[in-house]
Amino acid sequence: MMNSAPRQQLLATAAAVVSVVLWASAFVAIRTAGDAYSPGALALGRLVAGVVALGVICVVRREGPPPRSAWRGIGLSGVLWFGFYMVVLNWGEQQVDAGTAALVVNVGPLLIALLGARLLGDPMPPRLLAGMAVSFAGAVTVGLSMSAGGGSSVFGVVLCLLAAAAYAAGVVAQKPALGHASALQVTTYGCLVGAVVCLPFAGQLVREAARAPVSATLDMVYLGVFPTALAFTTWAYALARTTASRMGATTYAVPALVVLMSWLALGEVPGLLTLVGGVLCLAGVAVSRSRVRGRTRRVAAGEPRPEKVG
């Protein structure tokens with residue numbers, strides 16, 4: 001019989017894989033649903049579908065509200081990750097293809113490391129700084145590769161970078177909340193906060209849903225049930241059992257999966273220069289991680305880490 005620790009690690013890894021695959025599919029679904037829904041309306045519809053799905057699960061499991069000590073992290077992650085991130089990502093994907101969006105957003109793990117250094121007292125070794133420079137060069141390369149499509153494409157890359165920053169901030173904010181509440185509680189109420197933030201788009205959602213094709217609405221519901229309700233819960237489950245930077249590293253596979261899915265479903269393949277920029281983004285993150293793995297393993301194993309208020 002498998003020991004408890006290896007079994008927990010295996011379950012956390014499996015949960016992270018589920019999140020990565022579903023989030024990769026989200027980039028493709030956003031592109032197809034985005035033909036009928038504006039960025040804010042799509043975000044609200046996705047979050048409402050997610051809240052309904054998560055609410056049903058909470059009722060079945062008799063899961064109550066999270067304790068007061070978890071609400072700061074839930075509120076911040078709900079505003080930044082569930083709310084702002086989804087709107088900006090939807091907007092960005094109306095300007096660039098799904099693969100390019102995934103490549104740029106994948107700067108997020110590096111930003112997680114930066115925020116961890118600032119807010120949690122993690123060290124800032126030279127290799128992390130070098131990785132920052134390489135990943136930034138990759139993001140610039142992706143932006144230049146899209147410039148032939150006009151200013152709107154460059155603007156799309158900027159929006160995706162904003163989405164990456166919101167994603168990173170949301171992960172770092174969510175991590176402490178998982179010390180006080182379950183993964184289901186943190187995900188459910190974070191999704192609810194995000195839906196409240198997006199309520200100004202309710203009018204757009206109603207108008208666009210009335211004339212949208214069924215396929216686009218089904219894509220929106222899919223985004224809410226699977227890449228949101230399921231994937232964010234499995235992510236929170238895994239995040240509660242490791243460090244934020246290590247979880248961020250699991251998303252390195254997302255761009256490759258998105259490029260494959262967008263090629264199969266949409267016929268979209270980023271150009272050579274875009275792929276080079278994406279490789280630079282990933283290489284920069286790999287460089288930044290190469291000297292902190294030992295510390296990550298110690299922290300994940302339960303050794304104390306210094307914390308300070310940012």
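Glu 63 counts as partly exposed, at 22% relative accessibility, and I'd like to start right there. Glu 63 is the acidic half of a salt bridge with Arg 61, where the closest N and O atoms are 3.9 Å apart. Keep in mind, everyone, that this is a predicted model. The cut-off for a salt bridge is 4 Å, so the pair at 3.9 Å is counted. Its partner Arg 61 counts as exposed, with 57% relative accessibility. And how many salt bridges does the structure hold? Just 1.

Now let's stay with Arg 61, since that residue takes us to a helix pair. Arg 61 is one of the H2 residues that touch H8. Helix H2 covers residues 39–61 and helix H8 covers residues 183–197. Two packed helices are described by the angle between their axes and by the distance between those axes. Here the angle is about 145°, and the axes lie 9 Å apart. As for handedness, H2 passes H8 in a left-handed crossing.

Who makes the contact? From H2 we have Leu 44, Leu 47, Gly 50, Val 51, Leu 54, Ile 57, Cys 58 and Arg 61. From H8 come Leu 184, Thr 187, Thr 188, Cys 191, Leu 192, Gly 194 and Ala 195. Sorted by class, that gives 10 nonpolar residues, 4 polar and 1 charged.

You'll have spotted cysteines on both sides of that list, Cys 58 on H2 and Cys 191 on H8. So how many disulfides does a search of the whole structure find? The search returns 0. Take Cys 191 as an example: which cysteine has the sulfur closest to that of Cys 191? That would be Cys 198, at 9.6 Å. A disulfide needs the two sulfurs within 2.5 Å, so Cys 191 is too far from Cys 198 for a bond. Is Cys 191 buried or exposed? Cys 191 is buried, with a relative accessible area of 0%. Cys 160 is buried too, at 1%.

Let me finish by stepping back to the whole chain. The secondary structure comes to 14 helices and 0 strands, and the pattern along the sequence is α from start to end. The protein chain has 310 residues, and 51% of them count as buried. Finally, a word on the contacts between residues at least 6 apart in sequence: 89% of them join residues at least 24 apart. The H2 and H8 pair, residues 39–61 with residues 183–197, is a nice one to keep on screen while we talk. Thanks, everyone!

Technical notes. Residues numbered from 1 in each chain as written. Predicted model: local features only at pLDDT ≥ 70, side-chain atom pairs only at ≥ 80, totals over all residues. Heavy atoms only, no water. Axes fitted to C-alpha atoms, helices over the stretch in contact; angles between N-to-C directions. Helix = DSSP H or I, 4+ residues; strand = E, 2+ residues; numbered from the N terminus. Left-handed = near helix turned anticlockwise from the far one by under 90°. Contact = heavy atoms within 4.5 Å. Nonpolar A, V, L, I, M, F, W, Y, C, P; charged D, E, K, R; others polar. Buried < 20%, exposed > 50% of the residue type's maximum accessible area, 1.4 Å probe, protein only. Salt bridge = Lys/Arg side-chain N within 4 Å of Asp/Glu carboxyl O.
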